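Hello,

Here is the structure I promised to pass on to you. Please have a look at it first, and then read on for what turned up.

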Amino acid sequence: MTRPRSYREATARRRVAGLLDAGTFTEWVGPGARATSPHLAALGAPVSFDDGVVVGEGRLAGERVVVIAQEGLFNGGAVGEVHGAKIRGAFERACAEPPRAVVFCIDSGGVRLHEANAGLLAISEIMRAQFAAQSAGIPVWALVGGACGAFGGMGIVARLCDAVVMSEEGRLGLSGPEVIETVKGVEEFDARDRALVWRVTGGKIRRTLGEATHLVEDDLTAFREAVAALLSSRQGPVPFTLETLQAAQAGLEGRAARDAAVRDGQVLWDRLGLDDAALMETAQFNRRLQELS
Amino acid sequence: MDDKSALFRRLFPAGHDVACQGPVLQGWGDAGDGRMHVVGTTDHAAIDTRIALDLARAVLEAVAQDAGRAPRPIVFVADTQGQALSRHEELLGLNGYFAHLARCVHLARQQGHRLVTLIDGEAVSGGFLAFGLLGDAIVALPGAEVRVMDLRAMARITRIPLERLAELARTSPVFAPGAENYWRMGGIHALWAPQDDWGAALRSLCAETGTEDQRARLGTERGGRRLALAIARQVRDAA
């Protein structure tokens with residue numbers, strides 16, 4: 001058995017190397033291209049030669065995939081003009097030379113505030129490009145297990161993906177707890193209460209709600225195996241018609257009505273008889289969820 | 001409450017009927033060559049799961065209404081202060097409700113509806129991303145405010161002094177709030193002036209607008225965003 005390598009602690013490049021078959025990765029517009037952010041430079045802020053995102057193609061379990069991996073250690077994985085353009089370009093390339101899937105390692109707080117307008121437009125352009133890839137029959141799978149999670153516009157992008165693989169340590173949402181606490185007060189959301197933060201945004205509650213489609217250990221190999229299983233399932237993008245969206249609408253209406261006053265994931269777990277969910281090992285948690293479904 | 005009736009009278013001289021349920025607008029308007037759908041928000045709405053679902057349902061109803069006939073344009077009226085900030089909304093997975101809304105908008109585009117967004121009031125961040133910012137053409141009406149976050153909050157989070165940000169805001173469109181900056185970056189297609197004929201302008205936008213995302217190209221041409229198109233092309237063409 002191989003030694004576990006934490007996905008959360010790995011850099012974007014290590015994640016790509018750990019996910020793909022050895023020696024198969026080709027990077028597009030890598031650090032050698034020196035595509036840095038002029039907007040960060042204008043503010044006197046540090047720049048990165050890859051602007052905080054790695055894009056390229058390689059093989060996973062022998063199948064060709066396009067990979068996008070955000071670097072959470074650089075400005076919280078936030079999306080600026082260059083960073084966003086690389087992601088959009090990767091989706092456009094996927095449309096031109098269709099891979100089996102796009103694997104999207106999201107690790108980002110959303111828009112990079114130093115270049116906020118450009119970042120907001122970039123995320124909108126990523127959404128459009130991702131829709132185009134999905135419409136062309138290419139599934140897009142999000143991996144969320146980094147320290148920055150998937151928030152802001154990238155939280156929306158994650159939920160546009162056809163599968164979302166998370167670890168318990170991963171977090172997924174729209175507004176981060178710190179933002180809510182700053183604007184609405186500590187009574188609304190105590191961002192320092194880490195257990196509460198995970199019960200609201202973490203991988204287990206997102207899996208319980210069906211938003212994460214897979215929950216895996218914080219281990220690069222576990223993430224790779226989850227993607228390999230998706231590849232071998234041969235599934236394409238989630239179908240996208242008036243009927244499927246009307247059904248999705250009914251599902252979301254139902255959840256909003258059922259959980260109209262819930263502010264803590266523990267309430268949902270108690271209702272399901274999973275009151276010790278927070279303490280369970282990932283495998284046990286997955287087994288219990290499976291038994292309930 | 002601002003029901004935007006003055007706006008609709010100018011846009012739709014041939015008549016309109018737009019109902020206002022809470023902050024959500026839904027109905028039709030006729031700019032002179034037939035009815036088009038109207039969907040949007042008013043009162044600087046903070047978009048929560050309820051509003052996102054109401055907007056999504058309105059878009060799906062517009063698509064369903066035109067099944068089997070020529071799809072009519074949908075006019076999105078964007079007036080939002082951003083997403084609702086609450087622990088309950090986060091637990092429900094507000095981002096997923098926004099993603100659903102975005103999918104509904106994309107479906108409408110795929111079904112052949114032209115999508116024209118009019119920003120009347122405010123367009124901020126998350127509430128704008130999942131809806132108005134996905135339009136085929138985006139117009140700012142006079143006085144429209146477009147931003148991600150105000151400069152004071154940005155200064156707090158980026159730890160860059162407000163004076164420095166204010167100074168850079170004068171020369172750089174990339175982070176200063178404002179419809180003109182978004183126009184220069186290609187994120188807003190047109191700025192309408194008070195004296196313009198908005199009904200005629202809306203008719204010609206609906207006739208001329210395509211479904212390709214032209215924003216990066218416009219940003220390059222207008223000089224406000226010089227890298228978005230070039231870098232995406234480099235990625236597409238890399239050996």
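A term before the findings: a cavity here is a set of grid points where a 1.4 Å probe fits but cannot get out, and its lining residues are those with an atom within 4 Å of a point. Please also keep in mind that this is a predicted model.

With that in hand, the search of the whole structure came back with one cavity of 30 Å³ or more. Its volume is about 40 Å³. Chain A contributes A:Gln134, A:Leu160, A:Asp162, A:Pro237, A:Val238 and A:Phe240 to the lining, and chain B contributes B:Arg103. Sorted by class, that lining holds four nonpolar residues, two charged ones and one polar one.

Now to chain A as a whole. Its secondary structure consists of 12 helices and seven strands. The chain has a radius of gyration of 19 Å, close to the 19 Å that the globule rule gives for 293 residues, so chain A is as compact as a globular protein of that length. Measured out along the principal axes, its C-alpha trace spans about 55 × 45 × 45 Å.

As for packing, 60% of the 293 residues in chain A count as buried. Among the contacts in chain A with a separation of 6 or more, 70% are between residues 24 or more positions apart. The accessible surface of chain A is about 10,600 Å², and carbon and sulfur atoms account for 53% of that area.

Happy browsing, and best wishes

Terms used: Residues numbered from 1 in each chain as written. Chains lettered and ligands numbered in written order. Predicted model: local features only at pLDDT ≥ 70, side-chain atom pairs only at ≥ 80, totals over all residues. Heavy atoms only, no water. 1 Å grid on protein atoms, 1.4 Å probe; cavity = no way out; pocket = protein on both sides within 12 Å on 5 of 7 lines; lining within 4 Å. Points joined across faces, edges and corners; volume = space filled by probe spheres on them. Nonpolar A, V, L, I, M, F, W, Y, C, P; charged D, E, K, R; others polar. Helix = DSSP H or I, 4+ residues; strand = E, 2+ residues; numbered from the N terminus. Rg over C-alpha atoms; globule rule 2.2 N^0.38 Å. Buried < 20%, exposed > 50% of the residue type's maximum accessible area, 1.4 Å probe, protein only. Contact = heavy atoms within 4.5 Å. Areas by Shrake-Rupley, 256 points an atom, 1.4 Å probe, with all protein chains shown as cover.
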